[in-house]
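Student: Hey, could you walk me through this one? I'm new to it.
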Amino acid sequence: MKLAYRVDQVRAMEEAALAADPVPELMQSAAAALAAAVSDLLRRRRGSVYGARVLIMVGRGNNGGDALYAGARLADRGAAVTALALLGEPHPAGLAALLAAGGRLVDAAPEELAALDVALDGVLGIGGRPGLPDDVAQLAAALDGAGVPLVAVDLPSGVDADTGAVPASAVRADLTVTFGVAKACQVIEPARSRCGELRVVDLGFDPALATDALRCLEPSDLATGWPFPGRSSDKYARGVVGIDTGSPDYPGAALLGTYGAVHAGAGMVRFLGPDEAGDRLLSLLPNVVRADGRVQARLVGSGWGDRPDGAEVLARVADEGLPAVVDADGLRFLPERCPSHWLLTPHAGELARLLDRPRAEVEADPLAAAHEGADRTGATVLLKGATQVVVEPGNASATIAVPGPAWTAQAGSGDVLAGVCAALLAAGLSTSDAGAYGASLQALAAAEFPGPVPPQQLATRFPTVLGRLEAARR
Ligand SMILES: NC(=O)C1=CN([C@@H]2O[C@H](COP(=O)(O)OP(=O)(O)OC[C@H]3O[C@@H](n4cnc5c(N)ncnc54)[C@H](O)[C@@H]3O)[C@@H](O)[C@H]2O)[C@@H](O)CC1
Ligand SMILES: [K+]
């Protein structure tokens, strides 16, 4: 599992590190690692650092300082390094080091950008406000357009370091060399995609200083935590799911959720939704049982439309006390306070309705919106979208699912995912793990396909992915 942090947490770790005796040379360590990463890139692209043309875009803070010191190291290795100060006076000691090593300070970008071998973005780091001044944005875009590899220092300038938003212009990097620990913007879209490849440089920070880091799942976490059945597991050990989804207008939701649960390994699915959907479902999946009986988790809400008895169904599910996934239309009938063993699976629009805010606000800061949703409802929230985040009520941390290709954003994906999550709840996982593992499985399955694939077909790839994860465990 990777961990990612907010700026205030990074600053606290930095402060603690600087209290050590002797005081560590954090900026020098950062610059050395940055210069090494840029040297690697240059060697890969042109064979050597010697003679390479390097442009450094420099702001007026320590981010620019890192870039200037790294530039000095590159100049020492024979690179032709040019620094362009973009926001006023650059870091004085860093500039002095660059000039002493033979680098130059210029007041305009070179005419022939395409002749550059690499550009470093040392404009803004964790002290930056989102967005870039117009001239900086234009230069960054021109470098991108000219095909010059861009290395972001700590983070791509212009992104919102804590939310992952890109509210205005921001640098699009090929490589981001980040210092101490990963930052939230490196794991939350759309900023995540602006980072390119990510390298985290160890500066000896103590991550234990921040207890509520963002937990970013990796496939190895699924291999360890997925409830794979044991040799003697029966269907109840694997988990029986009761599904009441779909409606005459939306029968597909019932089929898709059931597909999800069955292919994610549920021991049994009892389909308790409308007959129209149930009849069709049986012809596709004869293993599904239509009779009510013992279940270990419920899935409700997908494809309900304006179901007239929605609130009563949810009240019954709450009284029964079983873990449950409440998806899609079910979210319109939530009680004042949900049981803590419920998992709500809204997309941004549904969460916006729940919180009575514009959708754009949820999309601008999905993490904060998911926290608010969980705290207000009392249930765990899996907020679906480009970054899938799971948040428990009263817990300042959050889990981010393994990211997947954008092709998963299509009608029916959420129905399948809700079925997977319900299967995981029935198998005994916590609401948080069920949400995060479910979303991760879907992402991993989507990554198996070169392009778009209907959600029900994607579900049929779950067994392959799970088989591989189980094998990796041994
Ligand atoms: N935190 C740490 O432990 C370490 C930090 N280091 C570097 O220090 C950086 C943080 O440095 P600073 O705190 O000096 O902050 P920055 O270098 O990110 O920039 C702050 C400066 O930019 C200006 N500014 C902010 N947003 C702007 C915008 N949108 N348009 C125009 N000007 C803007 C501010 O007024 C301020 O003068 C990190 O990102 C990293 O690169 C490293 O040297 C190593 C250790
Ligand atoms: K930067």
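Tutor: Sure, let's begin with helix α4, residues 92-100, where Gly94, Leu95, Ala97 and Leu98 are buried (20 or more other C-beta atoms within 10 Å of their own, C-beta atoms being placed from the backbone; exposed means 12 or fewer, partly exposed in between). Helices (H or I, at least four residues) and strands (E, at least two) are DSSP runs, numbered from the N terminus.

Student: Why do the buried residues of α4 line one face?
Tutor: Down the axis of α4, they fall within an arc of 160°, so they line one face of the helix; the arc is that of the directions from the helix axis to the C-beta atoms.

Student: Which exposed residues are on the face turned away?
Tutor: Pro92, Ala93, Ala96 and Ala100.

Student: Is this a predicted model, and how are things numbered?
Tutor: The model is predicted: local features need pLDDT of at least 70 and side-chain atom pairs count only at pLDDT 80 or more, while totals for chains, interfaces and linings use all residues. Residues are numbered from 1 along each chain as its sequence is written, with chains lettered from A and ligands numbered from 1 in the order in which they are written.

Student: New topic: how many residues surround ligand 1?
Tutor: 25, and the closest are Glu14, Gly61, Asn62, Gly125 and Gly127 (a residue counts as near if its C-beta atom, placed from the backbone, lies within 6 Å).

Student: Which helix gives the largest share of that shell?
Tutor: α3, with 4 residues.

Student: And the domains?
Tutor: The domain assignment, automatic or from a database, gives domain 1 (2-212) and domain 2 (219-473). Their C-alpha centres lie 40 Å apart.
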